[in-house]
Amino acid sequence: MKFKKLFVLLLMLYVGTANAILEVTVLKRIENAFPIVIAPFDVAGDVKKGKIIANIMRDNFNRSGEFNASSADAIVNKVDFDHWQAQKAEAIVFGKIEKVSKKVFNVWIHLVDVYSKQELYAEKITVHDSGIRRIAHYLSDRIYFALLGEKGSFYTRLTYITVVNKGKRKREYRLEISHSDAQNPQTILTSNSPILSPSWSPDQEKIAYVSFENGRSEVFIRYPFVRRKTQKLPYFDGIASAPSWHPNGESLLLTLSKDGNKDIYSYHLKNDKLTRLTKDTAIDTEASYSPDGKRIVFTSNRSGQVQIYIKDLKSNQINRATFEGRYNAKAVFSPDGNTLAMVHRVDKDYRIALLDIKSRDLTIMTGNQLDESPFFSPNGGMIIFATNKDNKGVLSVVSLLGRQTFALASKEGEVREPNWSHYSK
Amino acid sequence: MIRTIFLITTVSLLSACSITDDYSGPAVVEDRSNVTQESIIASDESNFESKSIVGTSASLSSTEKAAVVELKSAGASFILHFSYDGFDIDESATAQIIKHANFMRDNPSVDLRLEGHADERGTREYNLALGENRALSVKEVLGLYDLSSRVEVISFGEESPVSELHDEDGWQQNRRVEFIYR
């Protein structure tokens with residue numbers, strides 16, 4: 001699949017009020033990807049914009065692994081059901097976008113079942129001051145929900161680190177945010193010093209990250225969308241690193257070495273209270289919460305190998321989670337809390353693997369040499385990760401259902417450590 | 001002048017744990033001739049502090065700088081290398097660290113910064129921790145000479161490689177602790 005490259009969106013955008021959904025019909029999930037057609041939208045005669053919206057949606061649906069989406073050539077006014085039945089399409093999406101005023105648009109969207117010839121879903125949405133890419137992601141989530149009865153993960157954002165080689169072995173580090181398809185990238189911080197481990201806050205208003213700008217690893221919190229000063233966490237002796245948010249957004253998990261060992265702490269942002277969660281002479285790091293906040297998962301070499309552990313915060317019990325392979329690291333919980341995604345070493349290669357926490361079944365999802373930093377989409381259907389392609393870092397997405405992997409566009413330099421936001425408000 | 005002091009031959013080490021399936025053995029002493037150049041490259045690249053002469057920072061006086069250069073020309077290693085996922089210090093590495101201990105005793109005005117580094121394999125956060133363990137291993141030896149208060153430890157993990165090679169050669173160069181006087 002090809003992605004449109006470098007389509008730069010100039011407008012600041014947000015999607016406003018959405019009218020109620022008329023009807024939601026859930027199609028039964030099928031074994032194979034569901035064939036769907038996304039027709040170009042009717043954008044007041046702007047054919048190019050109409051196609052762009054359809055293409056973004058098509059790419060989204062294909063990436064999800066649930067759909068086999070294709071584009072239609074022409075705008076669908078009246079659906080030619082015989083034609084689409086012959087094409088083996090099962091559902092068709094089409095719509096219209098109308099400019100109400102300079103910054104307000106009305107969007108009509110339709111989803112039609114090719115065989116029953118019934119309209120499965122139709123909605124009129126009013127969009128304020130928005131860009132077409134953001135609308136396309138918003139509509140993708142609507143259609144996804146209409147078809148599957150589950151939330152899509154498209155109207156969301158990514159944050160990641162881009163590293164650009166500036167020659168003479170100097171590097172420029174950029175903290176970036178983008179749409180869920182890695183398009184519309186925006187740099188929110190540029191530094192000559194390394195930036196690591198960006199993490200969206202649950203409210204999607206803040207990004208915690210590690211910076212070496214003062215010559216050592218320290219944790220900062222940045223506000224990408226508002227004029228507000230970057231917050232620096234208090235000084236700790238040694239390493240301060242690996243920030244990860246509590247689901248309630250009030251505290252961060254950190255790796256600190258202030259007491260000699262590298263252990264996991266929770267740091268409460270309002271009262272500065274620090275709670276030590278692990279105490280071991282080994283390296284404990286890369287901690288993150290379960291979605292209910294009741295457990296943490298972290299990486300430790302306490303067994304002599306790098307493995308994944310889960311701590312129950314009520315019982316304080318720590319259990320090893322990974323037993324397959326000699327190296328497992330940087331695990332994150334799936335949104336339902338039942339699965340971990342992690343970096344798993346196979347011979348000399350580092351791959352992304354899924355672990356069913358209860359059954360301990362391990363499934364290797366990727367096949368490259370240096371795959372790292374897996375992170376679930378908010379609906380759990382996809383995993384984004386960083387990998388190397390032709391000696392360059394790229395972001396990739398693998399769908400859990402279709403097991404398809406898609407490389408997302410990278411403009412220049414290496415791209416690292418993707419982190420997926422929660423849903424937009 | 002660097003004089004010999006009484007050597008403590010038994011060095012207690014931090015709890016050692018290592019996966020040695022790629023490259024076994026504890027820390028090895030730097031024995032390549034291009035250390036100086038690499039070190040300068042490393043400092044240029046890291047942008048953290050200008051290190052005009054290997055192992056020195058801008059905060060040193062010219063006399064102190066000259067002393068560091070003399071230590072270097074007397075054969076002291078300013079970079080120690082480590083095994084994959086390892087942070088053990090072997091005998092020859094210990095001997096090198098002792099040269100630095102002597103130097104610090106003879107030059108009480110200088111402080112030392114130990115910068116720990118890792119190769120690119122494994123996760124960035126783990127490597128940040130591993131780099132600190134390596135620097136702390138070196139610091140522990142210096143601690144036997146009561147020098148701990150003059151030693152600062154910083155880890156850069158895998159973020160400041162000296163080699164861009166994605167093979168054992170490059171990895172071996174990047175698993176290191178650098179000595180920087182300040």
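In this predicted model, strand S16 of chain A, which covers residues 263-268, pairs with S17(A) in the antiparallel sense, and three bridges join the two. One pair of residues helps to place them: Ser266(A) stands opposite Thr275(A), the latter in S17(A).

That pairing belongs to a wider arrangement. Chain A has an open sheet of four strands here, and they run in the order S14-S15-S16-S17 with antiparallel pairing. Strand S14 (240-245) and strand S17 (274-276) of chain A are the ones at the edges; each has a single partner strand, so one side of each is left without a neighbour in the sheet. On average, and with direction ignored, neighbouring strands of this sheet are turned by 30° against each other.

Next come the open spaces. The largest pocket has a volume of about 750 Å³. It is lined by 37 residues, and the closest to its centre are Ser244(A), Ser288(A), Val332(A), Phe375(A) and Asn419(A). Strand S14, already met at an edge of the sheet, is among the elements of chain A that give two or more residues to this lining; the others are strand S10 (195-200), strand S18 (284-289), strand S22 (328-333), strand S26 (372-376) and strand S30 (414-420). By class, the lining of the largest pocket splits into 21 nonpolar, 12 polar and four charged residues.

The second largest pocket holds about 610 Å³ of space. Of the 35 residues that line it, those nearest its centre come from chains A and B: Glu414(A), Arg416(A), Glu120(B), Arg124(B) and His166(B). Strand S30 of chain A turns up again, as one of the elements that give two or more residues to the lining of the second largest pocket, along with strand S7 (157-165), strand S8 (171-179), strand S27 (382-389) and strand S28 (392-399) of that chain. Here the classes come out as 11 nonpolar, 11 polar and 13 charged residues.

As for enclosed space, the structure holds six cavities of 30 Å³ or more. The largest cavity contains about 70 Å³. Among the 13 residues lining the largest cavity, Tyr84(B), Asp85(B), Arg121(B), Asn127(B) and Leu130(B) are the closest to its centre. Helix H4 of chain B, residues 124-143, gives the most to this lining, with four residues. Sorted by class, the lining of the largest cavity has six nonpolar, two polar and five charged residues.

Terms used: Residues are numbered from 1 along each chain as its sequence is written. Chains are lettered from A and ligands numbered from 1 in the order in which they are written. This is a predicted model: local features need pLDDT of at least 70, side-chain atom pairs count only at pLDDT 80 or more; totals for chains, interfaces and linings use all residues. Side-chain values use heavy atoms; hydrogens and water are left out. Two strands pair if DSSP finds at least two bridges between them. Axes are lines fitted to C-alpha atoms, for helices over the stretch in contact, and angles run from 0 to 180 degrees between N-to-C directions. On a 1 Å grid over the protein atoms alone, a cavity is a set of points where a 1.4 Å probe fits but cannot get out, and a pocket is an open set with protein on both sides within 12 Å along at least five of seven lines; lining residues have an atom within 4 Å of a point. Grid points are joined across faces, edges and corners, and a volume is the space filled by probe spheres set on the points. Ala, Val, Leu, Ile, Met, Phe, Trp, Tyr, Cys and Pro count as nonpolar, Asp, Glu, Lys and Arg as charged, and the others, Gly among them, as polar.
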